[in-house]
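Hi everyone, and thanks for coming. I'd like to walk you through a structure that may be new to you, so let's put it up on the screen.

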Amino acid sequence: MNNFFAMGGYGAYIWTAYAVFFIVLALEALAPLAQRKRLLADIRGRLKRREAREAKP
Amino acid sequence: MNPLLLWFHKFGAPPTAYHVAGKIAPWCYGLALVLGIVALYGGLVLAPRDYQQGDAYRIIFIHVPCAWMGLFAYLFMAANAFVALVWRIKLSEVLAMASAPAGAAFTFVTLVTGSIWGKPMWGTWWTWDARLTSELFLLFLYFGVIGLHAAIEDRRQAARAAGFLALIGVINLPIIHFSVNWWNTLHQGQTVRLMGPSKIDSGMLWPLLTMALATHLWFFGSMLVRTRVGLLELDGGKDWVRTIALAEGTRA
């Protein structure tokens with residue numbers, strides 16, 4: 001097992017490269033979920049403000 | 001209307017496209033994960049050691065698929081931008097802009113993993129040669145497209161301006177592809193070929209191709225999720241978006 005992680009002495013390079021790959025792709029996939037949440041909250045806010053405006057006499 | 005046009009109008013309509021994208025995206029992500037794990041096992045455990053580079057070559061299993069994806073995502077973006085500019089199809093505008101962030105992410109990973117691979121093999125993290133410089137330029141093109149799209153208030157004008165920039169940038173794709181043949185470079189030549197035999201052991205080739213398939217699926221998953229957000233943004237004032245916004249508001 002240690003042999004596997006050592007990667008013939010190149011372990012540090014290989015595992016850093018793979019870590020970058022996973023972290024960047026995970027962040028890239030999560031970003032639109034946060035963006036969607038913000039957008040929908042924004043739309044709800046706009047609706048609420050308009051309702052308040054229309055409720056006024 | 002002929003059936004093809006009818007089909008196009010049906011699936012091109014934002015609410016339909018939104019729901020269809022929502023159905024497909026999880027399958028893309030799921031399949032990408034399964035294939036990715038298989039490819040990682042094949043690449044890191046089963047594949048033989050390279051006679052010249054030892055184990056360091058194993059970075060190829062992410063570096064090359066990511067590099068392909070950087071180009072593929074750009075082509076996909078430019079093709080959709082072209083359709084959007086010529087036929088003014090809303091969905092194409094959204095699809096084009098939704099593929100930019102994933103493409104940028106893959107290009108970034110390509111540059112970083114390449115740099116990490118270059119240090120032990122070439123003795124340097126970076127060199128200003130044709131392949132590396134044109135790939136860096138690709139990343140800047142993505143940033144330009146994303147930045148231009150974010151900077152313009154009107155969503156449709158923003159998509160058109162950014163799409164135009166994306167189309168101009170297509171000129172960079174053949175430069176990247178042929179850079180290793182046209183100029184002297186530290187970067188190794190093409191290993192995997194569509195035409196003719198690849199210069200690689202089959203025990204190394206199948207994990208590489210499986211990972212390429214996985215990254216394609218991952219790209220489509222991410223692109224579709226972003227397309228959904230883009231459609232919500234574009235139709236922000238419409239009833240179907242309000243319904244979704246209010247439904248998620250009561251749940252939260």
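Let me start with a small question: where is the place of Pro32(A)? Pro32(A) sits in helix α2 of chain A. Please keep in mind that everything we look at today is a predicted model.

Let's stay with that proline for a moment. Is Pro32(A) buried or exposed? Pro32(A) is buried, because 22 other C-beta atoms lie within 10 Å, and 20 or more is what counts as buried here. Which residues is Pro32(A) in contact with, leaving aside its neighbours within four places in sequence? They are Val225(B), Arg226(B) and Val229(B).

Now compare another spot on that helix. Ala34(A) is also found in helix α2 of chain A, but Ala34(A) is exposed, with 10 other C-beta atoms within 10 Å. To give you a feel for distance along the helix, Ala34(A) and Phe22(A) are 12 residues apart in sequence, and their C-alpha atoms are 19 Å apart in space.

Let's step back to chain A as a whole. Chain A has 2 helices and 0 strands. Its C-alpha atoms fill a box of roughly 80 × 15 × 10 Å along the principal axes. The radius of gyration of chain A is 24 Å, whereas a compact globule of 57 residues would come out near 10 Å. Of those 57 residues, 18% are buried.

And how far should the 45 residues of α2(A) span? At 1.5 Å a residue the answer is 66 Å, and the end C-alpha atoms are indeed 66 Å apart, so the two agree. The buried residues of this helix include Tyr13(A), Ala17(A), Phe21(A), Leu25(A) and Glu28(A), along with Pro32(A). Do remember Ala17(A), which comes back later.

On to chain B. Chain B has 9 helices and 0 strands, and from the N terminus on its elements simply run α-α-α-α-α-α-α-α-α. The box filled by its C-alpha atoms is roughly 60 × 40 × 35 Å along the principal axes. Of its 252 residues, 40% count as buried. Among the contacts in chain B with a separation of 6 or more, 78% join residues 24 or more positions apart.

Let me pick out two of these helices. The first one is α2(B), with 33 residues. From its first C-alpha to its last, α2(B) reaches 45 Å, close to the 48 Å expected at 1.5 Å a residue. Its buried residues include several alanines and glycines, among them Ala17(B), Ala21(B), Gly36(B) and Gly42(B). The buried residues of α2(B) pack against α1, α3, α4 and α8 of chain B.

The other one is α4(B), residues 90-122. Just ahead of α4(B), in the loop between α3 and α4, you can find Arg88(B). Arg88(B) has a positive phi of about 55 degrees although it is not a glycine, and Arg88(B) is exposed, with 11 other C-beta atoms within 10 Å.

Helix α4(B) itself reaches 47 Å from its first C-alpha to its last, close to the expected 48 Å. Where does α4(B) bend? The bend, about 25 degrees, is at Ala100(B), and Pro101(B) follows within four residues. Why do we call α4(B) largely enclosed by the rest of the structure? Because 24 of its 33 residues are buried. After α4(B) comes Gly123(B), with a positive phi near 85 degrees.

So how do the two chains meet? The contact takes 33 residues from chain B and 23 residues from chain A. On the side of chain B that touches chain A, α4, α8 and α9 each supply at least two residues. The largest share, 11 residues, comes from α4(B). By class, this side of chain B has 20 nonpolar, 5 polar and 8 charged residues.

Last stop: the largest nonpolar core, which has 73 residues. Which of them touch the most other members? They are Ala17(A), Ile59(B), Ile62(B), Ala73(B), Met77(B) and Ala96(B). Helix α2 of chain A supplies at least two residues of this core, as does each of α2, α3, α4, α5, α6, α8 and α9 of chain B. Zooming in on Met77(B), and leaving aside its neighbours within four places in sequence, its contacts are Ala96(B), Ser99(B), Ala100(B), Gly103(B) and Ala166(B). One of those, Ala100(B), is where α4(B) bends.

That's my tour. Thanks for listening!

Technical notes: Residues numbered from 1 in each chain as written. Chains lettered and ligands numbered in written order. Predicted model: local features only at pLDDT ≥ 70, side-chain atom pairs only at ≥ 80, totals over all residues. Expected span 1.5 Å × (residues − 1). Bend = angle between axes of the 7 residues up to and from the residue. Buried ≥ 20, exposed ≤ 12 C-beta atoms within 10 Å, placed from the backbone. Contact = placed C-beta atoms within 7 Å. Nonpolar A, V, L, I, M, F, W, Y, C, P; charged D, E, K, R; others polar. Rg over C-alpha atoms; globule rule 2.2 N^0.38 Å. Core = buried A, V, L, I, M, F, W, Y, C linked by C-beta atoms within 7 Å.
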